[in-house]
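Subject: Handover of the structure and notes on it

Dear colleague,

I am passing the structure on to you with this message, and my notes on it follow directly below. Please read them alongside the coordinates.

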Amino acid sequence: MSNEQPVVTASSYLTLNYRLASLDGKDIVTTFSTTPATLLMGQGQLAPVLEELLIGLPEGTHKTFEVSGGIGPRNPELIREVSRATLDQNSAPDAEYKIGDLVDFAAPGGGRFAGILRELGEETCVFDFNHPLAGQPLKFEVQLISVL
C-alpha cells in the first residue's frame with residue numbers, strides 16, 4: 001500500500017483555499033478568510049490557466065504563482081458598440097451611468113453577460129466585455145486541503 005499523497009489531475013475534486021490578488025498584493029478574491037472552496041476540475045469554476053497550475057500538485061501544497069497574462073488574453077473583438085436603446089432596455093428606468101461602470105445585459109438564449117462602460121454617447125455606448133482580469137498580471141495563492 002503506497003502512502004503517497006494524492007495529486008491534482010484534470011478530473012480531481014478539490015477542497016482548497018485560494019486567493020487572487022493584484023501584483024501589489026490587493027485581494028481580488030480570497031477564501032482564506034472564509035470557508036474553503038470545493039470544486040471539480042474542468043468544470044469552469046476556475047479559469048483554465050489557473051487549473052493548469054494546479055495539475056500535478058500534491059495534497060497539502062501551499063504556494064503562490066505569478067500569472068503574468070492574467071486569466072487569459074484580452075480579446076479586442078469583445079469591445080463593442082451598444083445602442084443607447086439596448087442599454088436602456090437593460091437598465092432601471094432612471095439609471096445613471098458613468099465610465100467604468102459594470103453593466104449586466106440579457107444575452108440571447110437567456111444568459112447574462114456584463115461589460116464595463118468605456119464610452120457613453122447619446123446614440124451609442126462602447127462596452128468592454130472582456131473579463132475584468134483578462135490580460136492583468138495576478139498572484140494566485142493556493143492551499144490544497146484535499147484532493148480526491
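Two strands are taken to pair if DSSP finds at least two bridges between them. By that criterion strand 5 and strand 8, which run antiparallel, are a pair, since 5 bridges join them, and within this pairing R80 has F127 of strand 8 as its bridge partner.

Before going further, please keep in mind that the model is predicted. The mean pLDDT of the protein is 92, with 98% of the residues at 70 or more. Confidence is lowest in strand 6 (residues 102–106), where the mean is 87, and highest in strand 9 (residues 138–147), where it is 97.

The open sheet

Strand 5 and strand 8 belong to an open sheet of 4 strands, which follow one another in the order 5-8-7-6 with antiparallel pairing. Strand 5 (79–83) and strand 6 are the edge strands, each of them pairing on one side only. On average, and with direction ignored, neighbouring strands of this sheet are turned by 45 degrees against each other.

Inside the sheet, strand 7 (residues 112–120) and strand 8 (residues 124–128) run antiparallel and are joined by 4 bridges, and the two form a hairpin that leaves 3 residues between them. Along this hairpin L120 has C125 as its bridge partner, while I116 stands opposite D128. Strand 8 is mostly covered, with 4 of its 5 residues buried.

Aromatic pairs

The structure holds 7 aromatic pairs. One of them is formed by F113 and F129, an edge-to-face arrangement with 5.1 Å from centre to centre and 65 degrees between the planes. Because F113 lies in strand 7 and F129 in the loop between strand 8 and strand 9, this pair ties together parts that are 16 residues apart in sequence. The two rings sit in unlike surroundings: F113 has a relative accessible area of 32% and is partly exposed, whereas F129, at 16% relative accessibility, counts as buried, because the limit for that class is under 20%. Ring pairs also link F105, F113, F127 and F129 into a cluster.

Strand 1 and its partners

Strand 1 (residues 13–22) has 8 of its 10 residues buried, so it is largely enclosed by the rest of the structure. With strand 9 it pairs in the antiparallel sense over 9 bridges, and here L20 stands opposite F140. With strand 3 (residues 37–40) strand 1 pairs over 4 bridges, again in the antiparallel sense, and L14 has L39 as its bridge partner there. Strand 2 (residues 27–30) also runs antiparallel to strand 1 and is joined to it by 3 bridges, with A21 opposite D27. Strand 1 and strand 2 form a hairpin with 4 residues between them, and G25 in the turn has a positive phi of about 95 degrees.

A loop residue

Finally, which residues is T61 in contact with, once its neighbours within four places in sequence are left aside? They are V142, Q143 and L144. T61 itself is placed in the loop between helix 1 (48–54) and strand 4 (62–67), and its side chain reaches the backbone oxygen of P58 at 2.6 Å. At 14% relative accessibility T61 counts as buried, because the value falls under the 20% limit.

With best regards

Note on methods. Residues numbered from 1 in each chain as written. Predicted model: local features only at pLDDT ≥ 70, side-chain atom pairs only at ≥ 80, totals over all residues. Heavy atoms only, no water. pLDDT = per-residue confidence, 0-100. Axes fitted to C-alpha atoms, helices over the stretch in contact; angles between N-to-C directions. Buried < 20%, exposed > 50% of the residue type's maximum accessible area, 1.4 Å probe, protein only. Polar contact = N/O pair within 3.5 Å; in protein donor to acceptor, adjacent residues only side chain to side chain. Contact = heavy atoms within 4.5 Å. Phe/Tyr/Trp six-rings, centres within 6.5 Å; stacked < 30°, edge-to-face > 60°.
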